[in-house]
Amino acid sequence: MIRRFTVNPLGENCYVLSDSTKEGVIIDCGTFDEHEFCMIRQYVENEGIRLKHYLLTHAHFDHIFGSDNVYEAFGLRPECHETEREIWQMNPTLTYRMMRHALPLPKVEPLFTLEHGTSIQYGTSTLRVIHTPGHTPGGLCFYLENEGLLLSGDTLFRFSLGRTDIPLGSMEQEVLSVRNSLMTLPPKTIVYPGHGDTTTIAEERDGNLFL
């Protein structure tokens, strides 16, 4: 089961995944205030979900706003790729540059432990980590093969790609990542991006002009 919550002023998608065992994971909790986070916490509690991991596709500020809430409510620290360390550290500058004023950022320390090919287990389900540098150096996608789902973060959007005009971004890397690591997935794979609506690998092969 997958549930999407669209949060914060930038319309970021936070996802909660779970299976029949009632274990699950939360991905990219960008909740901006207590009201937004309360919706997620109530969903998790009402469904009886036991969250095992808190995963980040990347560490840009709009994807991490709710990290302290996740830690306080569920005892989970954010897990991301080692090369997101610099992005995490530059978030105060990025936030001010993009939002025109300072915003509160989480104090919880992330775990820089995820690598390409890492398997993340919850219940009877396994997410496979796919490293897709481009939008950020340590951008990750999470692939749930048995359900045909891909959580693509800001690497791949519906008929678009994530912006790369932010420090440490690379359009050349991003196009290569999507072509080599994502377009090789089964055509019927449903893509759940970090912003906007879902798509499929088949639709992106046929209609994404960036590719």
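This passage describes the strands, helices and side-chain pairs of a predicted model.

Strand pairing is considered before the side chains. Strands of a sheet pair through backbone hydrogen bonds, either parallel or antiparallel. In this model, an open sheet is built from six strands in the order β7-β8-β9-β10-β13-β14, and its pairing is mixed. The edges are taken by β7 (119-122) and β14 (199-200), each of which has a single partner strand, so one side of each lacks a neighbour in the sheet. Within this order, β8 (residues 125-131) and β9 (residues 140-144) are antiparallel and are joined over four bridges. One position in this pairing is that of His131, which stands opposite Leu140 in β9.

Parallel pairing is found between β4 and β5, which are linked over two bridges. Here Tyr54 has Pro78 of β5 as its bridge partner. Strand β5 is also joined by two bridges to strand β6 (residues 111-114), and these strands run parallel. On this side, the bridge partner of His81 is Leu114 in β6.

The loop between β5 (78-81) and α3 (85-99) holds Glu84. Glu84 is buried but takes part in no salt bridge. The nearest side chain of opposite charge is that of Arg85, at 11 Å. A salt bridge requires a side-chain nitrogen of Lys or Arg within 4 Å of a carboxyl oxygen of Asp or Glu, so a separation of 11 Å does not qualify. When neighbours within four places in sequence are left aside, the contacts of Glu84 are His58, Ala59, Phe112, Thr136, Pro137, Gly138 and Gly139.

Helix α2 (residues 67-74) has Ser67, Asn69 and Val70 among its residues, and these three are buried. Seen down the axis of α2, the buried residues fall within an arc of 160°, so they line one face of the helix. The buried residues of α2 pack against two helices, α1 (34-47) and α3, and against the strands β3 (23-27), β4 (50-55) and β5. After α2 comes Gly75, which has a positive phi, near 70°.

Aromatic rings were examined next. The count of aromatic pairs is five. In the pair of Tyr15 and Tyr192, the ring centres are 5.8 Å apart and the planes stand at 80°, so the arrangement is edge-to-face. This pair links distant parts of the chain, with Tyr15 in strand β2 (residues 12-18) and Tyr192 in strand β13 (residues 190-193), 177 residues apart. Tyr15 and Tyr192 are both buried. One aromatic cluster is formed by Phe32, Phe61 and Phe65.

Charged side chains form a further group of pairs. Side chains of opposite charge can pair when their charged atoms come close. The model has five salt bridges. One of them joins Glu34 to Arg41, with the closest N and O atoms 3.4 Å apart. Glu34 is partly exposed, at a relative accessible area of 43%, and Arg41 is partly exposed as well, at 24%.

Another salt bridge is formed by Glu203 and Arg158, whose closest N and O atoms are 3.1 Å apart. Its members come from distant parts of the chain: Glu203 lies in helix α5 (residues 201-207), Arg158 lies in the loop between β11 (156-157) and β12 (160-161), and 45 residues separate them. Glu203 counts as partly exposed, with 30% relative accessibility, and Arg158 is partly exposed, with a relative accessible area of 36%.

The side chains of Arg163 and Asp165 also meet in a salt bridge, at 2.7 Å from N to O. Arg163 is partly exposed, with a relative accessible area of 43%. Asp165 has a relative accessible area of 57% and counts as exposed, because the cut-off for that class is over 50%.

A final position is Glu45, which is found in helix α1. At 52% relative accessibility, Glu45 counts as exposed. Glu45 and Gln173 are 128 residues apart in sequence, and their C-alpha atoms are 40 Å apart in space.

Conventions: Residues numbered from 1 in each chain as written. Heavy atoms only, no water. Buried < 20%, exposed > 50% of the residue type's maximum accessible area, 1.4 Å probe, protein only. Lys, Arg positive; Asp, Glu negative; His and termini not counted. Contact = heavy atoms within 4.5 Å. Pairing = 2+ DSSP bridges. Arc of directions from axis to C-beta. Phe/Tyr/Trp six-rings, centres within 6.5 Å; stacked < 30°, edge-to-face > 60°.
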